[in-house]
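Open the model in your viewer and keep the sequence panel in sight. The tour takes one selection at a time.

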Amino acid sequence: MHDNIILSLKELTKQFGGIIAVSNINLDVEKEDIFGVIGPNGAGKTTIFNLITGIYAPTSGKIYFNGEDITKYKTHIISQKGIARTFQNIRLFNNLSSYDNILIACHDSAKYDLASGFLRTRECKKQEKELAIEAKRALNSVGLLEKENIKASSLPYGEQRKLELARAIATKPNLLLLDEPAAGMNPNETKALMEFIKKLNKDGYTIAVIEHDMKFVMNTCNRILVLSFGKKICEGNPEHVKSDKEVNEAYFGKGILVREAGL
Amino acid sequence: MNSYWLGVSTLAGIYLIATLGVSILTGFTGLFSMGHAGFMCIGAYVSALSTNFFGVPFYIGLIFGVIAAVLVGMLVGFSTLKLRGDYFVITTLALGEIVKLVVENFANVTGGAKGLPDVVAGTTFKIVLVLDIIIIILLVNFLKSKHGRNCIAIREEELAAKVIGIDVMKYKMIAMSISCALTGLSGGLLAHYMHYLHPVMFNMVKSNELIVMVILGGQGSLIGTVVSTIFLVFLPEILRVGSAQEWRMFLYGVLVVIVIIARPSGLFGNREINLKTIKNFFKNIRLKTLGGN
């Protein structure tokens, strides 16, 4: 195993009864890369994210993160190891303020125990103060500081996506899994998101992203995995994927080459 | 204050301890329990029996009661909290009934359906008041800490809580233990206040009452739980006048329904009253009266 591989899937398979959602996937994601996962609906993209984050247990195969076998780990342990994700349908703590949403994600840096929490000891107060500073900084980095007291569910859609992304970053991950971050965004918002993701990447985050917006994928990702019916049909850089015959067939059907359609 | 109202206040204080416990579990962690009267029952009988048979002082009895309730609660929690929410509701419902049936059928120890007379006295209004204040302070601290916020995160969105690194099972167990400890304590205090125990005191109606008090006050508001508990314990007593006497339980039900229709998220929603909200309240009034100056 190379030192610069952050995430590695080995013959990963997930079956739901008779349906094979993910079939025998092998994949290496390099450190500080932006990796795209695309494919038609039902290809198993989100299932792969759910397998990596331990929400589903794989039927067979292994998942390695920084060389460590995390296949059997529980979701919260995987998060503590340094994998964060966002969801296709946003999952925020809806009745809490934006600030609290971020604050809870920062919790790993506070180490005080349950008893000090009940008694609100000096140690607890000190660590709470540090948490507050950390949370405010994280909110500020996505430009939501002036909305810190607004309930998450009352934020406009684009800002909810931002908040979820900020919450994922607040857990201080090495690897960030984004499930359709541009869904429902207008072209301007998508463009801003692209810039933001590239900036995160420059700051040292490795990013894997599922996205339907081809322009987005082709412009941000260095490598792309194409799935269809749970199988890997292509992997490579954007140019390679664009010209691949099987990819075109999966999207547009057999016999026609529609390279002009913007793929 | 005459002894009658002192008695009602003591009862309200005792029930408040139980509803605060249910509030942590249902209001703040989002787990519905339909059998918490069962934990009150465990606390009450363990405390009463240990003082009656082994002659330990009543506060040691209370501690035994709390420990017993927590142990049973953790056992139930460990086996059911991994399941989806509805199964937890069903198990707690069953547990409440099981505890009642066990008490009824071990008649030679517990007195069975005849009840357990001559429980050692000990609970006074002062003790209950001091305990209430201590418990409220501890719970406010807990909810302001990262541990309390983790519980709230689980109520809001369990999967998201897991994904940001919260050990959901651990925090559900913590919430379960806190709620069982408090309901157990409440049961013990009740035993030493009433001097008499009967399994019917802890039937499903009592469990429902605890849940109603929490929901009426607003899920996610401690002050809401306090206000609604005091309100609901006093209400049937206040209605005990003149011709309202015969209708008091009916009126009680109607009033609860009206509050739920008028304020679906409870009296207080998930708001708390503290220095900050009071300051903001007065600030808003000042802004309105001075026209924005």
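Start with chain A as a whole. Of its 263 residues, 42% count as buried. This is a predicted model, so read every value here as computed from it. Turn on the cartoon: chain A shows ten helices and ten strands. Along the principal axes, its C-alpha atoms fill a box of roughly 70 × 40 × 35 Å. How does the radius of gyration of chain A sit against that of a compact globule? It is 20 Å, and a compact globule of 263 residues would have one near 18 Å, which agrees.

Next, select strand 1 of chain A, residues 5–16, together with strand 4 of chain A, residues 60–65. The two run antiparallel and are joined by five bridges. For a landmark, show the side chains of A:Lys10 and A:Lys62: A:Lys10 stands opposite A:Lys62, which belongs to strand 4 of chain A. While side chains are on display, recall a rule: in a regular strand they alternate between the two faces of the sheet.

Stay on strand 4 of chain A and add strand 5 of chain A, residues 68–69. This pair is antiparallel too, with two bridges. Pick A:Phe65 and look across: its bridge partner in strand 5 of chain A is A:Glu68. Now go to the turn. The hairpin of strands 4 and 5 of chain A has two residues between the strands. Which residue there takes a positive phi? Click A:Asn66, where phi is near 50 degrees.

Move to chain B. Here the cartoon has 13 helices and zero strands. The radius of gyration of chain B is 20 Å, close to the 19 Å from the globule rule for 293 residues, so chain B is as compact as a globular protein of that length. The box around its C-alpha atoms is roughly 75 × 55 × 35 Å along the principal axes. Colour by burial, and 48% of the 293 residues of chain B count as buried.

Select helix 3 of chain B, residues 58–80, and helix 9 of chain B, residues 168–194. Their axes come within 7 Å and cross at roughly 145 degrees. The crossing of helix 3 of chain B with helix 9 of chain B is right-handed. By class, their contact has 13 nonpolar, ten polar and one charged residues.

Finish on helix 13 of chain B, residues 275–289. Put a distance between its end C-alpha atoms: they are 21 Å apart, which agrees with the 21 Å that 15 residues should span at 1.5 Å a residue. Is this helix buried or in the open? The number of buried residues among its 15 is zero, so helix 13 of chain B lies largely in the open.

Technical notes. Residues numbered from 1 in each chain as written. Chains lettered and ligands numbered in written order. Predicted model: local features only at pLDDT ≥ 70, side-chain atom pairs only at ≥ 80, totals over all residues. Helix = DSSP H or I, 4+ residues; strand = E, 2+ residues; numbered from the N terminus. Expected span 1.5 Å × (residues − 1). Buried ≥ 20, exposed ≤ 12 C-beta atoms within 10 Å, placed from the backbone. Pairing = 2+ DSSP bridges. Axes fitted to C-alpha atoms, helices over the stretch in contact; angles between N-to-C directions. Left-handed = near helix turned anticlockwise from the far one by under 90°. Nonpolar A, V, L, I, M, F, W, Y, C, P; charged D, E, K, R; others polar. Rg over C-alpha atoms; globule rule 2.2 N^0.38 Å.
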